[in-house]
Amino acid sequence: MDDLPVEATPREAARPLWLLAELTYRCPLHCPFCYNPTDHTRYRDELDTGQWLEVLRQARALGAAQLGLSGGEPLLRDDLETLVGEARRLGFYTNLITSGVGLTDARLGALKRAGLDHIQLSFQDATRELNDFLSSTRTFDVKKKVARLIKAHDYPMVLNCVLHRHNLPHVAQIIEMALEMGAEYLELANTQYYGWALLNRAHLMPDAAQLREAEAIVDDYRARIGERCRILFVVPDYFERRPKPCMSGWGNVFLAVAPDGTALPCHAARIIPDLSFPNVKSTSLADIWYRSDAFNAFRGEDWMKEPCRSCDERAHDHGGCRCQALQLTGDARAADPVCDKSPRHEVVTQAVRFAPLLRRESAPLLFRSDANSVRLHPRESDSGASGE
C-alpha cells in the first residue's frame, strides 16, 4: 500500500489516530437529534465485508490506533464480529457505539471472543416515558437489560446521554441511573446542531438557566462520587464564548468512513458544497488523508480569514467548526460564529434568544426516519444514488 512518509506530506499532515467506521446509517431508533445526514436514504450502498476489512488494514498501516464502530446502529451488520476480529488482529483498540438494540447475551459473547475492547451504550433519558418518546421506540427496558449484560461480560462501559431542553431537568436521575448500572464513564453531551438536530434546533435548545442548573448538579456529583464514575459534561457550542477545536483540527487526528465508503474529516462534512470527498472504493486511504483536496482544505492556517488569521488562539481552536461556520454564515472559511470575536456572533446569540418564539411557531419535532428523509430530499432519495 502507498504509505507516504509524514515528512513528505502536504502541509505537514500528521498521521490519523482515530478511525470512525460508520458501518451503516440504518437504525431502529428515530431520535430527533441524530447527527446522521438528513438525506441518509441516499446512502444505501454500504461497503461489503471485504471492503471494510481493507479500510481497517489501510487505516492501521497509516497509524490509526483507535477504532469506533458506529452508525446508525452497527449491530445491524451481520459481519460485525468479523470486523472486530480483524481489528483486534491488526492491533486496534475497539469501541462499539450502540443503542443496545440487538445486543443479546450470545452476541456479546461472540464480540468478546472476537476481541471487542469497549462498549458505549446510549440512553435518551432516565425515564421510560421520555426515553421511548425521544427514540420513538419502546426500548428503555431493552437498554437496561443490555447494560446488565455488558457488566456481566466484564466490559468497561461508557453510558452516553445526549442532553437538550427536554431531559436537562433529569440530569440527577441520569447520573443515578449510570451509578446503578455500574458505568465507569458517563458522557453527558449537550446537543450540537447538525443533521436532524439542526432541523429541530428550536425544540431542543435549552436556556442558560437550565444549563447552569444542570452543570451545578454535575459538579456536585463529581465532588461526591470521585472516581467511581467519571462524568463528562459537554456544553453546547451556542452557549460558549470560544469555539471548540473541532475534531482537534480538520484532518489532524480524525478520519471517518461513511457507510457508502466516503471518507470524511468529520461526521457532518458532506454538507460543505464546494468540497468533493473521495471514496475508499476508488482511492487509497493514504491518498485520501495526505493528498486529497478535501482533507487538505482546512489544514494549517493559510485558509483562514480574519479575525482567525491574526488571532492568538488560532493554534488552539483552529478557527472552530467548518460545518457550523457554513450553516450559520454561508461560508465554510469564516470564523465559527460561536466565537464572540466573530463579526457574525449575533447569529448564535439570536438563535438562543429566539428559540422559545420559534418553538411556538414551528412544526412539532421531526423524528429521524427513512420516510422523513425521503420527504425532505425526494429527488436524491428516489434516485438510488450511492453517494460516491
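Visitor: What makes Q124, L134, S135, W196 and R368 count as residues that C31 touches?

Guide: In this predicted model, contact means heavy atoms within 4.5 Å. Leaving out residues up to four places away in sequence, C31 touches Q124, L134, S135, W196 and R368.

Visitor: Why is C31 called buried?

Guide: Buried means under 20% relative accessible area. C31 has 9%, so C31 counts as buried. You can find C31 in the loop between β1 and α1.

Visitor: And why is C27 called partly exposed?

Guide: Partly exposed lies between the 20% and 50% cut-offs. The relative accessibility of C27 is 24%, so the label fits. C27 is found in the loop between β1 (18-22) and α1 (49-62). Apart from neighbours within four places in sequence, C27 is in contact with G72, E73, L76 and R368.

Visitor: How do you know that C27 and C31 are listed as a "binding site"?

Guide: That comes from UniProt, where an unreviewed entry lists C27, C31 and C34 under that name. The unreviewed entry also places "domain: Radical SAM core" at residues 13-228. Over that stretch, the chain is 44% helix and 16% strand.

Visitor: What makes the 19 Å reach of helix α5 close to the expected value?

Guide: The expected span is 1.5 Å times one less than the number of residues. Helix α5 (residues 140-152) has 13 residues, for which 18 Å is expected, and its first and last C-alpha atoms are 19 Å apart.

Visitor: Which residues of α5 are buried, and what covers them?

Guide: The buried ones are F140, K143, V146, A147, L149 and I150. Their cover includes α3, β4, α4, β5 and α6.

Technical notes. Residues numbered from 1 in each chain as written. Predicted model: local features only at pLDDT ≥ 70, side-chain atom pairs only at ≥ 80, totals over all residues. Heavy atoms only, no water. UniProt positions renumbered as here; feature names shortened; annotations may be inferred. Helix = DSSP H or I, 4+ residues; strand = E, 2+ residues; numbered from the N terminus. Buried < 20%, exposed > 50% of the residue type's maximum accessible area, 1.4 Å probe, protein only.
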